[in-house]
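I opened the notebook for a fresh look at this one. Here is what I looked up, in the order I got curious.

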Amino acid sequence: MTHDMKSSPASLCGDRERERKRCLITTMGRFTPFLFGCSTVTFIFSIFILFSPLPLNPSIPKQLHVDNDHHAIPITKPHQSENDERCDLFKGGWVRDEKGSGYNNWSCRSIPESKNCFKHGRKDDEFVKWRWKPNGCHLPRFDAATFFTLLHGKKLAFVGDSVSRNHMESLLCLLSQEEAPKDIYKDSEDRFRTWYFPRHDFTLMILWSKFLVEAEERMNNGTASGVYDLYLDKIDKSWAEKVAGVDYAIFSNAHWFFRPIYLHRNGKLIGCVYCNDEGVEEVGVGGALRLAFRAAFQYMNGCEKCKGVVTLLRTFSPAHFENGSWNTGGSCSRTSPLDEREIKLGSFERELGNIQLEELERAKMEGGMKEIKFGALDVTTAMLMRPDGHPGAHWNNKWMQGYNDCVHWCLPGPIDAWNDILLAVLVREAR
């Protein structure tokens, strides 16, 4: 989704987890009267959703790294370490890094207007001076040369919504510091894009999908209602027909699920999200998300042409609206990260990430000895700590002036750490 602004932060709710979850769900999704009563705003928001711009193992000498606890850890720069093999990349914290990002909005010309926060008035730059550090080991900065060595002659596709595209845009900027890509394909709605790096014979793609499965939006007198029917036994062909031709596929999705949804399987209505219909089971956002990812991973396991495709999951990336939701004046104006003591690891957002991980593990077990490899990029906890990294008011919001984007991430910004993690995971997979 191009701007999936349907979630709100923990700060909108009370101290008790039960109250917080109730409030979070309410502010994120129960806006059906608004959708039905304000068709003009719905239309404008639809425009906003659709058009926001958007293995070889290198041999490198070993040396020592001293972590924050002053323990010498043997590592191989940039991406080899016996210790790193046992390291949980997804548990840690944000530490200062005065070097900042590996690119800026001058050196990367592909940054879309909606993520170019510095161009559109953001004055503080502290939010780019932090890096993700796992507990007890070293996570190197992204190195484009190493990435290209690993993926020479390969194709990598991001499959999912506009936050998935946001991730791809970060990777595109990082890689363009090593080689300028050729923009070789764009569909009429700018949902599907392909870039090619000829010197490294590497292809980067975004395969856009709202729900991963087939979906239809209900219409009211020719006006979009914001209510969707999802068909869990039918995969979204827009990505399924293309994914067999790639070597790596990174799946992510979630923000589109915070709206009224009816779930169907084999011609039967089996549940809903925010429907309140008598006789229809309310499965919640998490339930719908689980079933959609289960369907997508089952497709990958059963796809004969997908053998050899490395299938990665990037977990839910939380929004950080404060003092309101996306359509009630919510904003995100913080300028520094939170630490682990300031977030709730039992939060609704973390729960959604866990649901995705559970479905990934289920896919691994169902796949057995099949030639599909599954892996995770669990960024949920790390990004719960980064309310400072969103565009907020600095996203060139022509279509929705006065609304803040607290869903997507500035470029450069904290999202670049996802590619530090991605490269570390790819190195492990290549061994």
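**Entry 1: disulfides**

How many disulfides does the structure hold? I found 6 of them. I keep in mind that this is a predicted model.

I began with the link between C87 and C137, whose sulfur atoms sit 1.8 Å apart. The value about its S-S bond is -40 degrees, and the link is left-handed. C87 belongs to the loop between helix 4 and strand 3, while C137 belongs to the loop between strand 4 and helix 5, so the disulfide ties together parts that are 50 residues apart in sequence. I checked burial too, and both C87 and C137 are buried.

Next I took C108 and C173, which are joined by a disulfide with an S to S distance of 2.0 Å. I read a torsion of about -75 degrees about this S-S bond, so the link of C108 and C173 is left-handed. This pair links distant parts of the chain: C108 is in the loop between strand 3 and strand 4, C173 is in helix 6, and they are 65 residues apart. C108 has 2% relative accessibility and therefore counts as buried. C173 is buried as well, with a relative accessible area of 0%.

The third one I looked up is C332 with C406, sulfur atoms 2.1 Å apart. With a torsion of about -90 degrees about the S-S bond, this disulfide is left-handed. C332 lies in the loop between strand 14 and helix 9, and C406 in the loop between helix 10 and helix 11, 74 residues away in the chain. Both C332 and C406 are buried.

For the overall pattern, I numbered the bonded cysteines in sequence order and got 1-4, 2-5, 3-12, 6-7, 8-9, 10-11.

**Entry 2: strand 8**

Is strand 8 covered or open? It is mostly covered, since 7 of its 7 residues are buried by the cut-off of under 20% relative accessible area. I then sorted its side chains by direction: F202, L204, I206 and W208 point one way, T203, M205 and L207 the other. I reminded myself that side chains in a regular strand alternate between the two faces of the sheet.

Which strands does strand 8 pair with? Strand 5 pairs with strand 8 in the parallel sense over 6 bridges. Strand 7 runs antiparallel to strand 8, joined by 5 bridges. I206 made a handy landmark: F158 stands opposite I206, and R193 has I206 as its bridge partner. In the hairpin of strand 7 and strand 8, there are 4 residues between the strands, and D201 takes a positive phi near 50 degrees.

**Entry 3: nonpolar cores**

I moved on to the largest nonpolar core, which has 63 residues. F147, L156, L175, F202 and L204 touch the most other members. Helix 11 gives this core its largest share, 10 residues. I followed L175 and, leaving out residues up to four places away in sequence, found that L175 touches F142, A144, F147, F148, F197 and F202. A second, separate core has 51 residues, including F257, L289, C306 and F374.

**Entry 4: aromatic pairs**

How many aromatic pairs does a search of the whole structure find? The search gave me 21. One of them is Y228 with W256: the ring centres are 5.8 Å apart and the planes stand at 85 degrees, so this pair is edge-to-face. Y228 is in strand 10 and W256 in the loop between strand 11 and strand 12, 28 residues apart. Both Y228 and W256 are buried.

F258 and F348 also form an edge-to-face pair, at 6.4 Å centre to centre and 80 degrees between the planes. F258 sits in the loop between strand 11 and strand 12, F348 in helix 9, and their positions lie 90 residues apart in the count along the chain. F258 counts as buried at 0% relative accessibility, and F348 at 4%.

I also noted a cluster linked by ring pairs: W239, F251, F293, F297, Y299 and F374.

**Entry 5: helix 9**

F348 led me to helix 9, where F348 is among the buried residues, along with L352, I355 and L360. I checked the length: 20 residues at 1.5 Å a residue should span 28 Å, and the end C-alpha atoms of helix 9 are 29 Å apart, which agrees. Just after helix 9, G368 takes a positive phi of about 55 degrees.

Definitions and conventions. Residues are numbered from 1 along each chain as its sequence is written. This is a predicted model: local features need pLDDT of at least 70, side-chain atom pairs count only at pLDDT 80 or more; totals for chains, interfaces and linings use all residues. Side-chain values use heavy atoms; hydrogens and water are left out. Buried means under 20% relative accessible area, exposed over 50%, partly exposed in between (1.4 Å probe, protein chains only). Helices (H or I, at least four residues) and strands (E, at least two) are DSSP runs, numbered from the N terminus. Two strands pair if DSSP finds at least two bridges between them. A disulfide is a pair of cysteine sulfur atoms within 2.5 Å. The expected span of a helix is 1.5 Å times one less than its number of residues. A nonpolar core is a set of buried Ala, Val, Leu, Ile, Met, Phe, Trp, Tyr and Cys residues joined through side-chain atoms within 4.5 Å. Contact means heavy atoms within 4.5 Å. Rings of Phe, Tyr and Trp (its six-membered ring) pair if their centres lie within 6.5 Å; planes under 30 degrees apart count as stacked, over 60 as edge-to-face and the rest as tilted.
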